[in-house]
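Welcome, and thanks for opening the viewer. Let's take a short walk together, one selection at a time.

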Amino acid sequence: MNTSDNFFERVYEVARLIPYGRVTSYGEIAKYLGAARSARMVGWAMNNSHAQTLEVPAHRVVNKQGLLTGKHHFQGTNVMQQLLENEGIIIKNNQIQDLETVLWIPSQELS
DNA sequence: ACCATGACGTTTC
DNA sequence: CGAAACGCCATGG
């Protein structure tokens with residue numbers, strides 16, 4: 001659990017670094033971690049994020065399309081959308097508008 | 001070691 | 001433009 005959690009822990013770490021009013025994609029996180037092909041694992045880690053002591057802003061993590069694919073895993077059906085909209089992000093039909101504006105790339109911001 | 005699953009991503013029809 | 005298929009990789013049984 002400890003050694004393998006390292007991968008997940010990295011995901012949670014980056015997820016918490018997402019600034020307010022910004023979002024990122026699983027692929028970008030995976031890429032930042034050096035596993036660009038492991039975008040699915042990022043989602044898997046998010047699934048286990050609830051097991052983490054510190055809460056992870058998983059609602060700020062969406063797919064490359066800016067689609068709230070993971071909203072189904074939240075408490076309700078539109079909780080994830082409400083949280084993002086509360087941060088000033090506009091969402092239409094589970095899809096983030098002006099994604100390029102709100103998209104936050106760790107490898108770019110964190111260099 | 002093999003098979004099945006998954007909050008993704010890209011390519012193809 | 002929309003849907004489906006394939007690829008990719010880690011975890012669990």
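Before the first stop, one term: a polar contact is a pair of N or O atoms within 3.5 Å. Keep in mind too that this is a predicted model.

**Stop 1: contacts with the DNA**

Select Lys64 and DNA strand B. Here a backbone N or O atom of Lys64 sits 2.7 Å from a phosphate oxygen of the strand, so the pair falls within the 3.5 Å of a polar contact. Next, pick His73, where a polar side-chain atom is 3.0 Å from a phosphate oxygen of DNA strand B. Then move to Tyr26: a polar side-chain atom of Tyr26 lies 3.2 Å from a base nitrogen of DNA strand B.

**Stop 2: the surface around the strand**

Now widen the selection to the 18 residues around DNA strand B; Met41, Trp44, Asn63, Lys64 and Thr69 come nearest. On the DNA side, sugar and phosphate make up 45% of the strand's atoms that come within 4 Å of the protein. Which element gives the most residues to this surface near DNA strand B? Colour α3 to find out: α3 gives the most, with seven residues. By class, this surface has seven nonpolar, nine polar and two charged residues.

**Stop 3: the largest pocket**

Show the largest pocket, which holds about 690 Å³ of space. Its lining has 24 residues, and those closest to the centre are Met46, Ser49, Ala58, His73 and Phe74. You have already met His73, at its phosphate contact with DNA strand B. The elements that each give two or more residues to the pocket lining are α3 and α4, and α3 gives the most, with six. The lining divides into twelve nonpolar, ten polar and two charged residues.

**Stop 4: two salt bridges**

How many salt bridges does a search of the whole structure find? There are two.

For one of them, select Arg10 and Glu13, whose side chains meet at 3.5 Å, N to O. Both residues belong to helix α1 (residues 2-16) and are three residues apart, about one turn of the helix. Arg10 is partly exposed, with a relative accessible area of 43%, and Glu13 is partly exposed at 37%.

For the other, select Glu87 and Arg60, where the closest N and O atoms are 2.9 Å apart. Glu87 lies in the loop between α4 (79-86) and β3 (91-92), and Arg60 in the loop between α3 (39-47) and β2 (61-62), so the pair ties together parts 27 residues apart in sequence. Are Glu87 and Arg60 buried or exposed? Both are buried.

Note on methods:
Residues are numbered from 1 along each chain as its sequence is written. Chains are lettered from A and ligands numbered from 1 in the order in which they are written. This is a predicted model: local features need pLDDT of at least 70, side-chain atom pairs count only at pLDDT 80 or more; totals for chains, interfaces and linings use all residues. Side-chain values use heavy atoms; hydrogens and water are left out. A salt bridge is a side-chain nitrogen of Lys or Arg within 4 Å of a carboxyl oxygen of Asp or Glu. Helices (H or I, at least four residues) and strands (E, at least two) are DSSP runs, numbered from the N terminus. Buried means under 20% relative accessible area, exposed over 50%, partly exposed in between (1.4 Å probe, protein chains only). On a 1 Å grid over the protein atoms alone, a cavity is a set of points where a 1.4 Å probe fits but cannot get out, and a pocket is an open set with protein on both sides within 12 Å along at least five of seven lines; lining residues have an atom within 4 Å of a point. Grid points are joined across faces, edges and corners, and a volume is the space filled by probe spheres set on the points. Ala, Val, Leu, Ile, Met, Phe, Trp, Tyr, Cys and Pro count as nonpolar, Asp, Glu, Lys and Arg as charged, and the others, Gly among them, as polar. A residue is near a molecule or strand if one of its heavy atoms lies within 4 Å of it. A polar contact is a pair of N or O atoms within 3.5 Å; within protein, one must be able to donate a hydrogen and the other to accept it, and residues adjacent in sequence count only if both atoms are side-chain atoms.
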